[in-house]
Amino acid sequence: MAFKLESPAFENGQTIPEPYVRNGGNLSPPLRWKNAPAGTRNFLLVVEDPDATRGMFRHWAVYDIAAGRD
């Protein structure tokens, strides 16, 4: 099975709900992943917005997320 990253807060391709946008609650949405490749120890997550008014905008990046973390 392929690696999958998803959020229970919204479906792929849907608009991000108000609690998770800057003018809403500005919260990070909950995320979950499945089927990481064998031997994965850590993850890096980069959240970028290609539709930003001034071009690609990096919202945030997090590294060293333990693979076993839920």
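## A tour from one exposed glycine to the largest pocket

Begin by selecting Gly 39, which counts as exposed because its relative accessibility is 70%; buried here means under 20% relative accessible area, exposed over 50%, and partly exposed in between, with a 1.4 Å probe and only the protein chains considered. The model is a predicted one, in which local features need pLDDT of at least 70 and side-chain atom pairs count only at pLDDT 80 or more, whereas totals for chains, interfaces and linings use all residues. Residues are numbered from 1 along each chain as its sequence is written, and side-chain values use heavy atoms, with hydrogens and water left out.

Gly 39 sits in the loop between β2 and β3. If you add Leu 5 to the selection, the C-alpha to C-alpha distance to Gly 39 comes to 17 Å, for two residues that are 34 apart in sequence.

**The whole chain**

Now zoom out and show the cartoon. The protein has 0 helices and 4 strands, which gives the pattern β-β-β-β along the sequence; these elements are DSSP runs numbered from the N terminus, with helices (H or I) of at least four residues and strands (E) of at least two. Along the principal axes, the C-alpha atoms fill a box of roughly 40 × 25 × 20 Å. Colouring by accessibility will bring out the buried residues, which make up 7% of the 70 residues.

**A salt-bridge network on β1 and β2**

Next, select Lys 4, Glu 6, Arg 32 and Lys 34, which are linked in a network of salt bridges. A salt bridge is taken as a side-chain nitrogen of Lys or Arg within 4 Å of a carboxyl oxygen of Asp or Glu, and a search of the whole structure finds 4 of them.

Which residues does Glu 6 pair with in this network? The side chain of Glu 6 meets that of Lys 4 at 3.6 Å, N to O, and Glu 6 also bridges to Arg 32, where the closest N and O atoms are 3.0 Å apart. Because Glu 6 lies in strand β1 and Arg 32 in strand β2 (residues 32–34), this pair ties together parts that are 26 residues apart in sequence. Glu 6 has a further salt bridge with Lys 34, again given by the closest N and O atoms, at 3.6 Å. Lys 34 is in strand β2 and Glu 6 in strand β1, so that pair joins parts 28 residues apart in sequence.

Lys 4 itself lies in strand β1, and a distance drawn between the C-alpha atoms of Lys 4 and Arg 32, which are 28 residues apart along the chain, should read 8.3 Å. With the surface switched on, Lys 4 is partly exposed at 41% relative accessible area, Arg 32 is partly exposed at 42%, and Lys 34 is partly exposed at 41%.

**Two asparagines with positive phi**

Move on to the backbone of Asn 26 and Asn 35. Most residues other than glycine have a negative phi. Asn 26, however, has a positive phi near 55 degrees and is found in the loop between β1 and β2, where its relative accessibility of 53% makes it exposed. Asn 35 likewise has a positive phi, of about 60 degrees; its place is in the loop between β2 and β3, and at 33% relative accessibility it counts as partly exposed.

**A nonpolar patch**

Select Leu 44, Val 46 and Tyr 63, which make a nonpolar surface patch of about 360 Å². Patches consist of residues with over 30% relative accessible area and no salt bridge, like charges being joined within 9 Å and nonpolar side chains (Val, Leu, Ile, Met, Phe, Trp, Tyr) within 5 Å; areas are Shrake-Rupley values with a 1.4 Å probe. Val 46 lies in strand β3 (residues 42–49) and, at 35% relative accessibility, is partly exposed.

**The largest pocket**

Finally, turn to the largest pocket, which holds about 1,100 Å³ of space. Of the 32 residues that line the pocket, Phe 10, Ile 16, Pro 29, Val 47 and His 59 are the closest to its centre. A pocket is an open set of points on a 1 Å grid where a 1.4 Å probe fits, with protein on both sides within 12 Å along at least five of seven lines, and lining residues have an atom within 4 Å of a point. Colour the strands: β1 (4–6), β3 and β4 (57–66) each supply at least two lining residues, and β3 gives the largest share, 5 residues. By class, the lining has 16 nonpolar, 8 polar and 8 charged residues, with Asp, Glu, Lys and Arg counted as charged, Ala, Val, Leu, Ile, Met, Phe, Trp, Tyr, Cys and Pro as nonpolar, and the others, Gly among them, as polar.

Technical notes. Points joined across faces, edges and corners; volume = space filled by probe spheres on them.
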